[in-house]
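I am opening a notebook on a structure that is new to me. Short entries follow, in the order I looked things up.

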Amino acid sequence: MGTPGLGQELTQQVRALLWDAFDDFSEHDWQHALGGVHVVAIDEGHVIGHASIISRPVSIGELTESAGYLEAVAVAADHQRQGIGTVVVRAVEQVLKDTYPFGVLSTSRHRFYERLGWRRWQGPTFAVEGDQRRRTADEDDGIMVRAGNRAFAVSDLSLPIAVESRPGDDW
């Protein structure tokens, strides 16, 4: 469902889940998760899992496409290791496959996403501000990509990859 479709109560529950799940979750992080499609797992009236996918321009080498950017993936602590994370990511991946040429995410949980078909990006990362590219070397090991609604056209994972800069974390 889109962000407006969450409604006030569900939005509050999702926010609470995300703040509980991440030590460093910020208002900027919350804003990054809005405006796309949300997948929410609910058990007995309580939100126990969430993932969203938003549209972001992503440049790979000289090619720029509107990619599906995976944001705010979380599972309640007392429901982890039960497959809920896999379920919400798989559901949001269906949106990716239906809508975007490829998907991108930033994570430190590589194994989780690798087993779901995501691939680690090998090239340097950048954030674009106006007509300037700023190196984001601290993100180099965290970026992953996945094919979307057409075969992932970039076979060279060592090319530079860039996103538009935004408040908070660029990636």
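**Entry: a residue in the middle**

Which residues does Leu70 touch, not counting residues up to four places away in sequence? I looked, keeping in mind that this is a predicted model. Leu70 touches Ala51, Ser52 and Ile53. Val89, Val92, Val104, Leu105, Tyr113 and Trp118 are on its contact list as well.

I then looked up the core around it. The largest nonpolar core has 33 residues. Leu18, Leu70, Val89, Tyr113 and Trp118 touch the most other members. I noted which elements supply at least two residues each to this core: helix 1 (7–21), helix 2 (27–33), strand 1 (37–43), strand 2 (46–60), strand 3 (63–75), helix 3 (84–99) and helix 4 (110–114). Another core lies apart from it and has 14 residues. Among them I found Ile60, Ile143, Ile161 and Trp171.

**Entry: helix 3**

I checked the span of helix 3 next. The helix has 16 residues. From first C-alpha to last, helix 3 reaches 23 Å, close to the 22 Å expected at 1.5 Å a residue.

Which residues of helix 3 are buried? I listed Ile84, Gly85, Thr86, Val88, Val89, Val92, Glu93 and Leu96. Glu93 is on that list of buried residues, and so is Val89, which I had already met among the residues with the most core contacts. The buried residues of helix 3 pack against strand 1, strand 2 and strand 3. They also pack against strand 4 (102–106), helix 4 and strand 8 (143–147).

**Entry: strand 2 and its partners**

I moved on to strand 2. 12 of its 15 residues are buried, so strand 2 is largely enclosed by the rest of the structure.

I followed its pairings one by one. Strand 1 runs antiparallel to strand 2, and 7 bridges join them. Val37 stands opposite Ile53 of strand 2. The hairpin of these two strands has 2 residues between the strands, and Glu44 there takes a positive phi near 50°.

Strand 3 also pairs with strand 2 in the antiparallel sense, over 11 bridges. I found Gly68 of strand 3 as the bridge partner of Ser55. The hairpin of strand 2 and strand 3 has 2 residues between the strands as well, and Gly61 takes a positive phi near 60°.

Strand 9 (residues 161–164) is another antiparallel partner of strand 2, joined by 3 bridges. Here Val58 has Val163 as its bridge partner.

**Entry: aromatic rings**

How many aromatic pairs does a search of the whole structure find? I got 4. The rings of Trp19 and Phe25 have their centres 4.9 Å apart. Their planes stand at 80°, over the 60 degrees needed, so I wrote the pair down as edge-to-face. Phe22 and Phe25 have ring centres 5.8 Å apart and planes at 20°, so this pair is stacked. Ring pairs link Trp19, Phe22 and Phe25 into a cluster.

Are these three buried or partly exposed? Phe25 is buried, at 12% relative accessible area. Trp19 counts as partly exposed at 31% relative accessibility. Phe22 counts as partly exposed too, at 30%.

I also looked for charges over rings. The charged end of Arg56 sits over the ring of Tyr69, 4.8 Å from its centre. The charged end of Arg135 sits over the ring of Phe126, 5.5 Å from its centre.

**Entry: His32 and Asp78**

I looked up His32, which lies in helix 2. At a relative accessible area of 8%, under the 20% limit, His32 is buried. Not counting residues up to four places away in sequence, His32 touches Ile54 and Glu71. Its other contacts are Arg166, Pro167, Gly168 and Asp169.

Where is Asp78 found? I located Asp78 in the loop between strand 3 and helix 3. Asp78 counts as exposed, at 60% relative accessibility. I compared its place with that of Glu139. Asp78 and Glu139 are 61 residues apart in sequence, and 29 Å apart in space, C-alpha to C-alpha.

How values were computed: Residues are numbered from 1 along each chain as its sequence is written. This is a predicted model: local features need pLDDT of at least 70, side-chain atom pairs count only at pLDDT 80 or more; totals for chains, interfaces and linings use all residues. Side-chain values use heavy atoms; hydrogens and water are left out. A nonpolar core is a set of buried Ala, Val, Leu, Ile, Met, Phe, Trp, Tyr and Cys residues joined through side-chain atoms within 4.5 Å. Buried means under 20% relative accessible area, exposed over 50%, partly exposed in between (1.4 Å probe, protein chains only). Helices (H or I, at least four residues) and strands (E, at least two) are DSSP runs, numbered from the N terminus. Contact means heavy atoms within 4.5 Å. The expected span of a helix is 1.5 Å times one less than its number of residues. Rings of Phe, Tyr and Trp (its six-membered ring) pair if their centres lie within 6.5 Å; planes under 30 degrees apart count as stacked, over 60 as edge-to-face and the rest as tilted. A charge sits over a ring if NZ of Lys or CZ of Arg is within 6 Å of the ring centre and within 35 degrees of the ring normal. Two strands pair if DSSP finds at least two bridges between them.
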